[in-house]
Amino acid sequence: MDLYKEIWEKIVNSDNILLIAHVNPDGDALGSSLSLYPVLKKMNKKVTVFNASKPLPQYLDFLPNFNKITDRLPKKIDLTVSFDCGSFDRLGLPEKPSFLINIDHHISNTNYGDLNLIEPNAASTSQVIYNMLKANNIEINKNSAVCMYTALVTDTGSFQYESVNEKVFEMAAELVKCGVSPDYVAKMLFQRDRLSRLRLLAKAYDTIELCCDGKAAFVEVTKEMMEITGAIKEDTDTIVNSVRAIATVEVACLLREEDEGIKISLRSKNYADVSKIAVKYGGGGHIRAAGATVREFDFQKVKEILKNDIKEIL
Ligand code: 5GP
Ligand code: MN
Ligand code: MN
């Protein structure tokens, strides 16, 4: 039996289902988790959508059933399905669930589930879900479609990345047929900016430093910048993408001060595999987008180390 069918059968035969995604969730994490909610409710399942992070990103609050997401685990769980999460520790669960299905598209996925549906070529985890629903002839309603489409838009940088192909547009077209309005999703995602975010961008862009003949760029966000501008964590999300957009840059790196150390967000444009660097520091991700947290608080020190790592992948 193929994996799409095997997973669907396991879902059909379970009553109390937990849907979960990685901590510090993005559009694909929450969009994917919420996309199955209406489908499973219609099948009369008891469904909990869990995320360990608090607060959740406000820019995703338009996703249907966003208010159902909880950071409290129910007592009874027969089946846990994780989305968009490359390693078990990034789920923020206190212990290993009784049965875990791992649905994802990270090349670095550690296959931590009892069943693992990993499609590294998929543009988003929502595309993997879409493939599974299609293979099982499951009808997609408008609320599910909005969630899957949002996940697709956010993980492809609005249909810009190398993962975008004919299949991605076919999926998008199908979701529009299911009732998604692309301009509504775009306005919800990109036209509700916070002034504090722009103030933070101004400060962060001031720290941009180029090296390796302009092929690499660093940008910093300190706790002080966050406090002065009143910005929140999600306000830092796009900074590294904008720095990568500098014409000469192949690898961009955001360093963000956190309680545990410095969080690094890496992006590449054409050829460098930044997941190699992230994995080296206990993180992970994709070839063109990856991240990790380094247990060190000195920005200069971290930059010096990373410069050497970047030289190796350039
Ligand atoms: P971002 O830089 O936006 O936080 O993340 C870029 C990509 O790398 C995402 O796919 C994200 O899931 C992954 N990623 C970011 N930080 C970590 C980390 O600490 N561990 C792992 N395994 N993946 C990460
Ligand atoms: Mn993600
Ligand atoms: Mn993803």
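Which side chains meet in a salt bridge with a distance of 3.4 Å from N to O?

## A salt bridge and its network

In this predicted model, the side chains that meet at that distance are those of Lys307 and Glu209. They link distant parts of the chain, since Lys307 belongs to helix H12 (residues 299-313) and Glu209 to strand E6, 98 residues apart. Lys307 is buried, with a relative accessible area of 16%, while Glu209 is partly exposed at 27%.

## Other salt bridges

A search of the whole structure finds 18 salt bridges. One of them joins Glu162 and Arg288, whose closest N and O atoms are 3.0 Å apart. Glu162 lies in the loop between helices H5 and H6, and Arg288 in the loop between strands E10 and E11, so this pair ties together parts that are 126 residues apart in sequence. Glu162 is exposed, with a relative accessible area of 55%, whereas Arg288, at 19%, counts as buried.

Lys223 and Asp259 also meet in a salt bridge, at 2.4 Å from N to O. Lys223 is in helix H9, and Asp259 is in the loop between strands E8 and E9, 36 residues apart.

## The manganese ions

The manganese ion (ligand 2) has protein donors from His22, Asp26 and Asp84, lying 2.1 to 2.7 Å from it. Asp84 also bridges this ion and the manganese ion (ligand 3), and the two ions lie 3.8 Å apart. Asp26 lies in the loop between strand E1 and helix H2, and Asp84 in the loop between strands E3 and E4, so the pair ties together parts that are 58 residues apart in sequence. Asp84 is buried, with a relative accessible area of 2%, whereas Asp26, at 25%, counts as partly exposed.

Notes:
Residues are numbered from 1 along each chain as its sequence is written. Chains are lettered from A and ligands numbered from 1 in the order in which they are written. This is a predicted model: local features need pLDDT of at least 70, side-chain atom pairs count only at pLDDT 80 or more; totals for chains, interfaces and linings use all residues. Side-chain values use heavy atoms; hydrogens and water are left out. Donors are N, O and S atoms within 2.8 Å of the metal (3.2 Å for Na, K and Ca); water is not among the atoms, so sites may look incomplete. Helices (H or I, at least four residues) and strands (E, at least two) are DSSP runs, numbered from the N terminus. Buried means under 20% relative accessible area, exposed over 50%, partly exposed in between (1.4 Å probe, protein chains only). A salt bridge is a side-chain nitrogen of Lys or Arg within 4 Å of a carboxyl oxygen of Asp or Glu.
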